[in-house]
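These are my notebook entries on a structure that I looked through. I set down what I looked up and what I found.

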Amino acid sequence: MISNWHTIKNRLLAEKNHSIASVYNQPFHIHCLLVLHILQRTRFRPLSLNIPKPLFPLAGQPMVHHPISACKRIPNLAQIYLIGFYEDREFALFVSSISNELKVPVRYLREDKPHGSAGGLNNFRDFIMEDDPSHIFLLNCDVCCSFPLSDMLEGHKSYGGLGTNLVNKVSPELASQFGELVADPVTNELLHYTEKPETFVSDRINCGVYVFTPEIFTAIQGVSMQRKERATLRRVTSFEALQPANRNLPTDFVRLDQDILSPLAGKKQFYVYETMDFWEQIKTPGMSLKSSGLYLAQYRIISPDLLASGDGSKNATISGDVYIHPSAKVHPTAKIVRANAWTLK
């Protein structure tokens, strides 16, 4: 009898271990979201007068094409969503083209009103969770970097937290222009976060690239619930209600930095992944030139076929990292030194 029990017990344990192994060996769905410059500010004008900023070409490709291409390198990527305020028709052609090019479903989701960087994520929760993804990437469109998403994902899995934020080291003089953070040098846990502080906190800054587990929605909804409860309980005078500091944000408006990162820092919920590669924020027309140069230099490593070449014998003389659009015609006597060449159709 005892012998039979041991046989049954060992078989059940073997079946349990096999089931666990099967679950972990199955491919997980991963969704990628790109925020298309949610607030349509005017600092990028005049370059954005006739074309949406995310579609302005950098190194021969639309600005948004670079992070989308990086998303394609994520294993088991199931869907890419673009979130923004632009009209659907402005992105219809691009979405169709990039979906066919990358063989990954890409969909544009238009916000009806501002929800904040985290609230916008929660606003489309049903779409994002449709395939029950294991992880969700959130990228801001107007940043230029190498987007080390696969490495971030591996780091995030090892940390075991709610989310992981891409960070970069900058000079103390520039740090105050961004969200500054402090992280544990050993565990990489996010210990403190403050958005554009008046005094210097750290030379590590938020790069606007994140990876989350689906539990991020619980954190976002928690902020909304707290706002609703405070709105119900708060009693203020009419004079206090007129003061800007006391005006309440809408319950569905949730900011990723101030409302999520700052309160959860130091609670073993968020971690950081530091990139040693290039990173720039694309806010002004001048930054578009620098960003194009950075992407052209990256082409030489990851996509050398996109760069033009020529020694002047039968075609143009090419010097440095140069991209020439297929529709552009270049005279064989021309000399091009690290530039973009394209024609607008």
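Entry 1, surface. I looked up the accessible surface of the protein and found about 18,900 Å², of which 54% belongs to carbon and sulfur atoms. I note that the model is predicted. Of the 345 residues, 45% count as buried.

Entry 2, elements and contacts. I recorded 11 helices and 17 strands for the protein. I then turned to contacts between residues at least 6 apart in sequence, and found that 70% of them join residues at least 24 apart.

Entry 3, helix H11. I checked the length of helix H11, which covers residues 285–302. At 1.5 Å a residue, its 18 residues should span 26 Å, and the end C-alpha atoms are 26 Å apart, so the expected and computed values agree. I next asked which residues of H11 are buried. They are Met287, Ser288, Ser291, Ser292, Gly293, Tyr295, Leu296, Gln298 and Tyr299. For reading such a list I kept in mind that an α-helix has 3.6 residues a turn, so residues three or four places apart point the same way.

Entry 4, aromatic pairs. A pair of aromatic rings is described by the distance of the centres and the angle of the planes. I obtained a count of 8 aromatic pairs. One of them is formed by Tyr159 and Tyr271, which are stacked at 5.1 Å centre to centre, with 20 degrees between the planes. Because Tyr159 lies in helix H6 (residues 149–159) and Tyr271 in strand E12 (residues 270–274), this pair ties together parts that are 112 residues apart in sequence. Are these two tyrosines, Tyr159 and Tyr271, buried or exposed? Both Tyr159 and Tyr271 are buried.

Entry 5, a pair between strands. I looked up Phe212 and Phe270, and found an edge-to-face pair with 6.2 Å centre to centre and 85 degrees between the planes. Phe212 belongs to strand E11 (residues 204–212) and Phe270 to strand E12, so I entered the pair as a link between distant parts of the chain, 58 residues apart. I also looked up the accessibility of each ring residue. Phe212 has a relative accessible area of 0% and is buried. Phe270, at 1% relative accessibility, counts as buried because the cut-off is under 20%.

Entry 6, further ring contacts. I noted a cluster in which ring pairs link Tyr86, Phe91 and Tyr108. Finally, I looked up a charge over a ring: Arg125 lies over the face of Phe217, at 5.3 Å from the ring centre.

Note on methods
Residues are numbered from 1 along each chain as its sequence is written. This is a predicted model: local features need pLDDT of at least 70, side-chain atom pairs count only at pLDDT 80 or more; totals for chains, interfaces and linings use all residues. Side-chain values use heavy atoms; hydrogens and water are left out. Helices (H or I, at least four residues) and strands (E, at least two) are DSSP runs, numbered from the N terminus. The expected span of a helix is 1.5 Å times one less than its number of residues. Buried means under 20% relative accessible area, exposed over 50%, partly exposed in between (1.4 Å probe, protein chains only). Contact means heavy atoms within 4.5 Å. Accessible areas come from the Shrake-Rupley method with a 1.4 Å probe; for residues, only the protein chains shown count as cover. Rings of Phe, Tyr and Trp (its six-membered ring) pair if their centres lie within 6.5 Å; planes under 30 degrees apart count as stacked, over 60 as edge-to-face and the rest as tilted. A charge sits over a ring if NZ of Lys or CZ of Arg is within 6 Å of the ring centre and within 35 degrees of the ring normal.
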